[in-house]
Amino acid sequence: MKIKTTYDLNYLCKDLVTLSKKEGLLFSDNIMFFVLYIKSNPIAFFGLKINEKSAIIKCDYVMKSERGNKLLQKMITFRLNWLRIYKPNIKKVTANTTQMATNSHLKCGAKLIKKYKNNITKVQYEIL
C-alpha cells in the first residue's frame with residue numbers, strides 16, 4: 001500500500017470522488033486528503049481539516065470492493081499518527097460519523113460526544 005497527500009483530490013482520483021458523491025459523501029473546503037493506493041490504483045481516500053489547535057476527520061471513502069478489510073480503522077490510525085508527528089500542537093481531533101463508521105472510531109479510541117437525530121454521531125480523540 002502507498003499513500004499520497006493532496007489538497008486536489010480530483011487530480012489523483014477523480015473516479016473515486018465521483019463514486020463517493022453518488023453515495024452521498026459531502027465535501028468542504030480546505031481539506032488535506034490522503035489517497036490510498038494498491039498497485040498504483042487508488043482504492044480509498046480520507047481527509048483532515050486542520051485548524052490551529054484542533055483537527056477534524058473528514059471525507060472517508062473506500063471502494064466497495066475493498067470494504068470490510070478494516071481499512072477505516074487503518075485510515076483513522078494513520079491520521080492520528082500523522083498529526084502526532086507533523087502537528088504536535090494539535091491535541092483534540094473530532095469527527096462526525098455515520099452509523100457504519102462509529103464503531104471503527106470507538107475501536108480506535110474515540111469517545112462519544114453527542115448523538116444527533118439524523119443518525120450522525122460526534123466523536124472526539126485526545127492526542128497525548
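Is Glu23 buried, partly exposed or exposed, and what is its relative accessible area? In this predicted model, Glu23 is partly exposed, with a relative accessible area of 40%, and its partner Arg67, at 36% relative accessibility, also counts as partly exposed. Glu23 and Arg67 form a salt bridge in which the closest N and O atoms are 2.9 Å apart. Because Glu23 lies in the loop between α1 (9–22) and β2, while Arg67 lies in the loop between β4 and α2, the pair ties together parts that are 44 residues apart in sequence.

The structure holds two salt bridges, and the other one joins the side chains of Arg79 and Asp60, with 2.6 Å from N to O. This pair links helix α2, where Arg79 sits, to strand β4, where Asp60 sits, 19 residues away in the chain. Arg79 is buried, with a relative accessible area of 0%, whereas Asp60, at 24%, counts as partly exposed.

Helix α2 also leads into the interior. Its buried residues, including Leu72, Ile76, Leu80 and Leu83, pack against β2, β3, β4, β5, α3 (99–107) and β7. In soluble globular proteins, nonpolar side chains tend to be buried together. Here the largest nonpolar core has 25 residues, and those with the most contacts inside it are Leu48, Ile57, Leu83, Val93 and Tyr125. The largest share of this core, seven residues, comes from α2. Val93 touches, among others, Ile57, Leu80, Leu83 and Tyr125. Apart from this core lies another, of 11 residues, among them Leu9, Cys13, Val17 and Tyr61.

Definitions and conventions
Residues are numbered from 1 along each chain as its sequence is written. This is a predicted model: local features need pLDDT of at least 70, side-chain atom pairs count only at pLDDT 80 or more; totals for chains, interfaces and linings use all residues. Side-chain values use heavy atoms; hydrogens and water are left out. A nonpolar core is a set of buried Ala, Val, Leu, Ile, Met, Phe, Trp, Tyr and Cys residues joined through side-chain atoms within 4.5 Å. Buried means under 20% relative accessible area, exposed over 50%, partly exposed in between (1.4 Å probe, protein chains only). Helices (H or I, at least four residues) and strands (E, at least two) are DSSP runs, numbered from the N terminus. Contact means heavy atoms within 4.5 Å. A salt bridge is a side-chain nitrogen of Lys or Arg within 4 Å of a carboxyl oxygen of Asp or Glu. Lists of a residue's contacts leave out its neighbours within four places in sequence.
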